[in-house]
Amino acid sequence: MVVLTNHRLILIDKQGLTGRKVEYRSIPYKSIIMFTVESVGHFDLDAELKLWISGQPESMQMEFNSKTNIYKLQALLAAKVAGQ
């Protein structure tokens, strides 16, 4: 799950078969250097979001299925990273 707040991006990742293990990541928008969205087209079932975070050597990757409007997420994230 991805949550966009006024000041940060919160990533919630349920792990394991039971979903009992949960990882929470809180990333301030000012720490996001760059991001990319990769998808074949509007009807592609899968999309990928990559985030480059200040101080991290590699990008973070998240995959989304067709239930997520990746284009709306991209627009919201762009506005937040730009400080709007």
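Here are some exercises with worked solutions on this predicted model.

**Exercise 1. Work out the strand order of the sheet that holds β1, and say which strands sit at the edges.**

Solution.
- Start with the order: the open sheet has 3 strands, arranged β1-β2-β3, and they pair in the antiparallel sense.
- Next, look for strands that pair on one side only, which gives β1 (2-4) and β3 as the edge strands.
- To finish the picture, add the twist, which averages 15° from one strand to the next.

**Exercise 2. Follow the pairing of β2 with β3, and find the glycine with a positive phi in their hairpin.**

Solution.
- Count the bridges: β2 and β3 are joined in the antiparallel sense over 8 of them.
- Now pick out some partners. I12 faces Y24 in β3, and R8 has P28 of β3 opposite.
- Then move to the hairpin of β2 and β3, where 5 residues lie between the strands. The glycine we want is G16, with a positive phi near 85°.

**Exercise 3. Do the same for the sheet that holds β4, and explain why β4 and β6 each have a side without a neighbour.**

Solution.
- Again there are 3 strands in an open sheet, this time in the order β4-β5-β6, with antiparallel pairing.
- Check the partners: β4 (32-38) and β6 each have a single partner strand, so one side of each has no neighbour in the sheet.
- For the twist, neighbouring strands here are turned by 15° against each other on average, if direction is ignored.

**Exercise 4. Take a closer look at β6: which strand does it pair with over 5 bridges, and which of its residues are on the covered face?**

Solution.
- The partner is strand β5 (residues 47-53), and the 5 bridges run in the antiparallel sense.
- Two of the matches help you find your way: L51 has M60 of β6 as its bridge partner, and E48 has E63 of β6.
- Now split β6 by face. M60, M62 and F64 make up the covered face, while Q61 and E63 belong to the uncovered one.
- Put these together: L51 is partnered with M60, a residue of the covered face, whereas E48 is partnered with E63, which is on the uncovered face.
- Last stop is the hairpin of β5 and β6, with 6 residues between the strands. There, G55 takes a positive phi near 85°.

**Exercise 5. Describe the largest pocket: how much space lies in it, and which residues line it?**

Solution.
- The space comes to about 180 Å³.
- For the lining, go along the chain and you'll meet M1, V2, L11, I12, D13, E23, R25, M60, M62 and F64.
- Sort them by element: β2 (8-15), β3 (21-28) and β6 (60-64) are the ones that give two or more residues.
- Sort them by class: 7 are nonpolar, 3 are charged and none is polar.
- Finally, look back at β6. Its covered face, M60, M62 and F64, turns up in the pocket lining too.

**Exercise 6. Find the salt bridges, and decide whether E23, R25 and E48 are buried or partly exposed.**

Solution.
- The count is 2 salt bridges.
- One joins the side chains of E23 and R25, at 3.1 Å from N to O. Both of these residues are also in the lining of the largest pocket.
- The other joins E48 and K50, with their closest N and O atoms 4.0 Å apart.
- For accessibility, the cut-off you need is that buried means under 20% relative accessible area.
- E23 has 28%, so E23 is partly exposed. R25 has 36%, so R25 is partly exposed as well.
- E48 has 17%, so E48 is buried.

**Exercise 7. Place L77 and L4 in their elements, and say which is buried and which is partly exposed.**

Solution.
- L77 belongs to helix α1 (residues 70-81), and L4 belongs to strand β1.
- L77 has a relative accessibility of 2%, so L77 counts as buried.
- L4 has 26%, so L4 counts as partly exposed.
- Now try some distances. L77 and W52 are 25 residues apart along the chain, and their C-alpha atoms are 13 Å apart.
- L4 and P57 are 53 residues apart along the chain, with 23 Å between their C-alpha atoms.

Note on methods: Residues numbered from 1 in each chain as written. Predicted model: local features only at pLDDT ≥ 70, side-chain atom pairs only at ≥ 80, totals over all residues. Heavy atoms only, no water. 1 Å grid on protein atoms, 1.4 Å probe; cavity = no way out; pocket = protein on both sides within 12 Å on 5 of 7 lines; lining within 4 Å. Points joined across faces, edges and corners; volume = space filled by probe spheres on them. Helix = DSSP H or I, 4+ residues; strand = E, 2+ residues; numbered from the N terminus. Nonpolar A, V, L, I, M, F, W, Y, C, P; charged D, E, K, R; others polar. Buried < 20%, exposed > 50% of the residue type's maximum accessible area, 1.4 Å probe, protein only. Pairing = 2+ DSSP bridges. Axes fitted to C-alpha atoms, helices over the stretch in contact; angles between N-to-C directions.
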